[in-house]
Number of protein chains: 2
Amino acid sequence: MNIGTYSYEEYLHLVKSFHGSQAPGLMIGGFMVDYAMNSLPEGEFFDAICETRVCLPDAVQILTPCTIGNGWLKVFDYGRYALALYEKYSGEGIRIYLDPAKLSQWSEVNGWFMKLIPKKDQDSEKLFHQIKEAGRAILSKHPIRVQPALLQKEKMGKVAVCPQCGEAYPVRDGAMCRPCAGDSPYVS
Amino acid sequence: MNIGTYSYEEYLHLVKSFHGSQAPGLMIGGFMVDYAMNSLPEGEFFDAICETRVCLPDAVQILTPCTIGNGWLKVFDYGRYALALYEKYSGEGIRIYLDPAKLSQWSEVNGWFMKLIPKKDQDSEKLFHQIKEAGRAILSKHPIRVQPALLQKEKMGKVAVCPQCGEAYPVRDGAMCRPCAGDSPYVS
């Protein structure tokens, strides 16, 4: 059983190195990305959407050329455990999701994913065993077409020096940069 | 000259492998992350903030344990080329930014960063040479404290099966998941 071009063990190693721990969501995410890549025409350039911020974006970043910083991966905070890979110009592609309807045979995965089992009562060994056993059996897929507005690469446009902080910022944001205008992540 | 625990050339190799290309912003980003890490007490657990979506998040993901998927990296779309590393409980840390006031000696970096030179007229070799020569000389730093609200780990809370799509979603989002409520990235 491979995940992308890696063995399960190689992928596990990459997960620990990049993500910091063997998260259940990242192991399932590996199967999801692999399933999506196998459902696309070979050699095609694709972009990616993650429908959750949690774990799944790292599976995409480990296994595909799409990252947050290069803009080929977009993350939406919908809290759905789903991803899409799609041709970057047409927006046509495939969506893979963790399907609750397919979890009944996999009690530990179901208990973890649906938050029925408190973390302290989870059987970690059983959970990872079931994830590996299940592979694609807990996933579903369907074709999608991405909204045209999301296909255009967003340009930053002109930059200027903010009169408050003296740093470069996108002119489209107004007379000063957004943090100086009040939207700052810092207290001081 | 090292970037984190890597030589410049090793870091360049990682950049090409993860990000897909040797982007100028990622090379500067390497110096920024390195500068920030060197300004923090050793052995401390820190989280990261990027003040732009473009390029910089990948420098953080390559050089630190902080990623989008593990939640230790937060990305704000302010369009400022700046990052902060901070102690995850107190929120105290250091902010590094590419300082326009320090660019006058570095014409090609200035032309690229302030968008004064159209891409087709950029001298790529000169640009990368200046970036490497400049290192920290084009950066500034100051201490910051992150807003307390950003220090709390956001919990997803209870999940339920969406009556529309049949997928798991956070109950806090209402009677159905956000994409089914109209906020979908897909046409169909």
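Trainee: How far does helix α2 (residues 24-38) of chain A reach from its first C-alpha to its last?

Mentor: This is a predicted model, in which local features need pLDDT of at least 70 and side-chain atom pairs count only at pLDDT 80 or more, while totals for chains, interfaces and linings use all residues. Residues are numbered from 1 along each chain as its sequence is written; chains are lettered from A and ligands numbered from 1 in the order in which they are written. Helices (H or I, at least four residues) and strands (E, at least two) are DSSP runs, numbered from the N terminus. With 15 residues in α2(A), the expected span (1.5 Å times one less than the number of residues) is 21 Å, and the helix reaches a close value, 22 Å.

Trainee: How many of the residues of α2(A) are buried?

Mentor: A residue is buried if 20 or more other C-beta atoms, placed from the backbone, lie within 10 Å of its own, exposed if 12 or fewer do, and partly exposed in between. The buried residues of α2(A) include Leu26(A), Ile28(A), Phe31(A) and Asp34(A). For chain A as a whole, 42% of its 188 residues count as buried. α2(A) is mostly covered, and of its 15 residues the number buried is 11.

Trainee: Does Tyr8(A) count as buried, partly exposed or exposed?

Mentor: Tyr8(A) has its place in helix α1 of chain A. Beyond its neighbours within four places in sequence, Tyr8(A) is in contact (C-beta atoms, placed from the backbone, within 7 Å) with Met1(A), Ile3(A) and Lys132(A). Because it has 15 C-beta neighbours inside 10 Å, Tyr8(A) counts as partly exposed.

Trainee: How far apart in space are Tyr8(A) and Phe31(A), C-alpha to C-alpha?

Mentor: Phe31(A) is among the buried residues of α2(A). In sequence, Tyr8(A) and Phe31(A) are 23 residues apart, and in space the C-alpha to C-alpha value is 9.5 Å.

Trainee: In β7(B), which residue is the bridge partner of Tyr97(B)?

Mentor: Strand β6 (residues 92-98) of chain B is mostly covered, with five of its seven residues buried. Strands pair if DSSP finds at least two bridges between them; β5(B) and β6(B) do so in the antiparallel sense over five bridges, one of which joins Ala82(B) to Tyr97(B). β6(B) also pairs with strand β7 (residues 139-145) of chain B, again in the antiparallel sense, over seven bridges. There the partner of Tyr97(B) is Ser140(B).

Trainee: Which residue in the turn of the hairpin of β5(B) and β6(B) has a positive phi?

Mentor: The hairpin leaves four residues between β5(B) and β6(B). The residue in the turn with a positive phi, about 80 degrees, is Gly91(B).

Trainee: Which residue of chain A comes closest to the rotation axis?

Mentor: Chain A is superposed on chain B, by least squares on the C-alpha atoms of residues with pLDDT of at least 70 in both, by a rotation of 180 degrees with 0.0 Å of shift along its axis (RMSD 0.0 Å). The two copies are therefore related as by a two-fold rotation axis. At 3.9 Å (C-alpha), the residue of chain A that comes closest to this axis is Ile68(A).

Trainee: How many residues of the side of chain A that touches chain B are nonpolar?

Mentor: 49 residues of chain A are in contact with 49 residues of chain B. Elements that each supply at least two residues to this side of chain A include α1 (8-19), α3 (56-63) and β7 (139-145). The copies meet through the same surface, because 100% of the interface residues of chain A are also interface residues in chain B. Counting Ala, Val, Leu, Ile, Met, Phe, Trp, Tyr, Cys and Pro as nonpolar, Asp, Glu, Lys and Arg as charged, and the others, Gly among them, as polar, the side has nine charged, nine polar and, as nonpolar, 31.

Methods: Contact = placed C-beta atoms within 7 Å.
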